[in-house]
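Biologist: Could you take a close look at the ligand site of this model for me? I'd like to hear how its surroundings tie into the rest of the chain, and how far you'd trust the picture.

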Amino acid sequence: STPVAVACGIQHAARLGVVIKGGSYLEILAKIKCLAMDKTGTLTEGHFRVSEVVAVGETEDLQQILYWLASVESRSSHPMAAALVTYASLQDVVPSKSVTDFQIIEGEGVSAVVDGHLIEIGNARLASRLGWSNTGSIGSSFPTQTATIGWVGKDHQLLAVFSLEDHVREEAAEAVRSLKRLNVQIHMLTGDNNETAQDVQSKLGGVTVHAGLLPQDKVRIIQELKENAGVTGMIGDGINDAPALAAADVGFAMGLAGSAVAMETSDVFLMTDDLRKLGLVVSLGRRVRTKVI
Ligand code: ADP
Ligand code: MG
């Protein structure tokens with residue numbers, strides 16, 4: 001493409017609310033064959049709401065369980081954490097002031113020492129590593145919602161299982177359809193479990209699912225997609241997806257929520273949370289390449 005066409009293309013993208021950090025990315029956008037999309041906060045809104053907390057066995061009462069949960073989650077910035085803290089506060093639970101050793105357990109969850117007790121919170125991967133099993137009585141009760149199941153334990157003993165609901169973004173299905181019309185393959189990458197991922201996939205259609213991933217698995221999948229499919233993009237929240245964004249030929253991030261981190265780690269930044277902008281910039285890249293702009 002001519003420098004003038006590239007400059008026009010970047011300006012045009014800016015008018016669509018998309019920041020493209022250099023002309024070379026417009027070329028890559030034109031050639032993109034495959035787009036990997038993070039699930040939580042990208043294909044979904046990432047605004048969780050607690051739907052159930054179910055005590056397991058004759059352990060502790062719910063107020064007490066919420067106390068352990070909220071005490072740890074008040075230290076976490078994961079989108080699930082805010083929902084749990086809010087839920088507990090609505091039940092008049094006040095988190096502990098004695099929370100130490102807060103840790104993120106990569107791809108699994110979080111842990112901390114609360115009032116001298118080790119509290120561990122996380123997903124199925126954490127639960128199976130610790131030998132905890134689901135009660136089987138918990139799950140999504142609304143067809144439009146997507147349930148994520150969590151486990152919480154104290155001093156290695158399972159206390160409760162909880163479920164949180166998130167919504168697939170309103171425009172996600174349309175965004176996926178238009179990318180597919182542009183012959184871009186779509187892959188969903190997530191640290192969440194396969195059932196939740198399949199549930200999201202069923203609301204989108206035609207998306208290949210990769211679930212239960214650690215951040216390094218996301219990087220490996222991006223490398224495989226580059227080898228097998230060709231030019232590959234990745235869109236994520238820019239926080240725990242930074243290595244995968246960097247591994248892709250072009251990294252996308254979006255929205256004000258991701259803020260500075262997302263803007264820094266991405267090559268293409270969508271200023272509004274609207275996934276339809278992806279298809280628009282891919283076709284823009286193609287028009288610039290053929291100088292039809
Ligand atoms: P994801 O993109 O799925 O959020 P992460 O690597 O951030 O990937 O986390 C992996 C999984 O660990 C999450 O899907 C969630 O199930 C669990 N997890 C992470 N942080 C927390 C937290 N603060 N509370 C409960 N579970 C968490
Ligand atoms: Mg994430």
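Modeller: One bit of bookkeeping before the tour: helices are DSSP runs of H or I with at least four residues, strands are runs of E with at least two, and both are numbered from the N terminus. On that scheme D155, for instance, belongs to the loop between β7 and β8 (157-167). Keep in mind that this is a predicted model. It scores ipTM 0.96 and pTM 0.86, and pLDDT over the protein chain averages 90, with 93% of the residues at 70 or above.

Now the site. Ligand 1 has 20 residues around it, and those that come nearest are S76, H78, G109, N123 and G191. Four elements put two or more residues into that shell: α5 (79-90), β5 (109-114), β6 (117-122) and β7 (145-154). By character, the shell has twelve polar residues, four charged ones and four nonpolar ones. Both domains take part, with at least three shell residues coming from each of domain 1 (3-45 + 169-289) and domain 2 (49-167).

One of those contributors, β6, is also where confidence in the protein chain is highest, at a mean of 98. Helix α11 (residues 255-265) sits at the other end of the scale, with the lowest mean, 70.

A handy residue for seeing what backs the site is L126, in helix α6 (residues 124-129). L126 counts as buried because it has 21 C-beta neighbours inside 10 Å, and the cut-off for buried is 20 or more. Leaving out residues up to four places away in sequence, L126 touches I105, E108, G109, E120 and W151. You'll recognise G109 from the residues that come nearest to ligand 1. There is a link to G107 too: it is 19 residues from L126 along the chain, and their C-alpha atoms are separated by 8.5 Å.

Two aspartates deserve a glance while you're on this side. D155, in that loop after β7, has phi near 45°, a positive value for a residue that isn't glycine. D101, in strand β4 (residues 99-105), also has a positive phi, near 55°. Both count as exposed: D155 because it has 10 C-beta neighbours inside 10 Å, and D101 because 10 other C-beta atoms lie within 10 Å of its own.

Since ligand 1 draws on both domains, the contact between them is the next thing to check. The C-alpha centres of domain 1 and domain 2 are 30 Å apart, and 14 residues of domain 1 are in contact with eleven residues of domain 2. On the domain 1 side, α3 (39-43) and α8 (194-204) each supply at least two of those residues, and α8 gives the most, with three. That side divides into seven polar, four nonpolar and three charged residues.

V209, in strand β10 (residues 208-210), gives you a view of α8 from within domain 1. Setting aside sequence neighbours up to four places away, V209 touches M188, A197, Q198 and Q201. It helps to recall that an α-helix has 3.6 residues a turn, so residues three or four places apart point the same way. V209 is only partly exposed, as 18 other C-beta atoms lie within 10 Å. D274 is 65 residues from V209 along the chain, and their C-alpha atoms are 21 Å apart.

Elsewhere in domain 1, helix α2 (residues 23-31) has Y25, L26, I28, L29 and A30 buried. Those residues pack against α1 (3-15), β1 (18-20), β12 (250-254), β13 (268-270) and α12 (276-289).

Stepping right back, the protein chain has twelve helices and 13 strands, and 46% of its 293 residues are buried. Its C-alpha trace spans about 70 × 35 × 30 Å along the principal axes. The radius of gyration is 21 Å, which agrees with the value near 19 Å for a compact globule of 293 residues. Of the contacts with a separation of 6 or more, 61% join residues 24 or more positions apart.

Notes. Residues numbered from 1 in each chain as written. Chains lettered and ligands numbered in written order. Predicted model: local features only at pLDDT ≥ 70, side-chain atom pairs only at ≥ 80, totals over all residues. Near = placed C-beta within 6 Å. Nonpolar A, V, L, I, M, F, W, Y, C, P; charged D, E, K, R; others polar. Domains from an automatic or database assignment. Rg over C-alpha atoms; globule rule 2.2 N^0.38 Å. Buried ≥ 20, exposed ≤ 12 C-beta atoms within 10 Å, placed from the backbone. Contact = placed C-beta atoms within 7 Å. pLDDT = per-residue confidence, 0-100.
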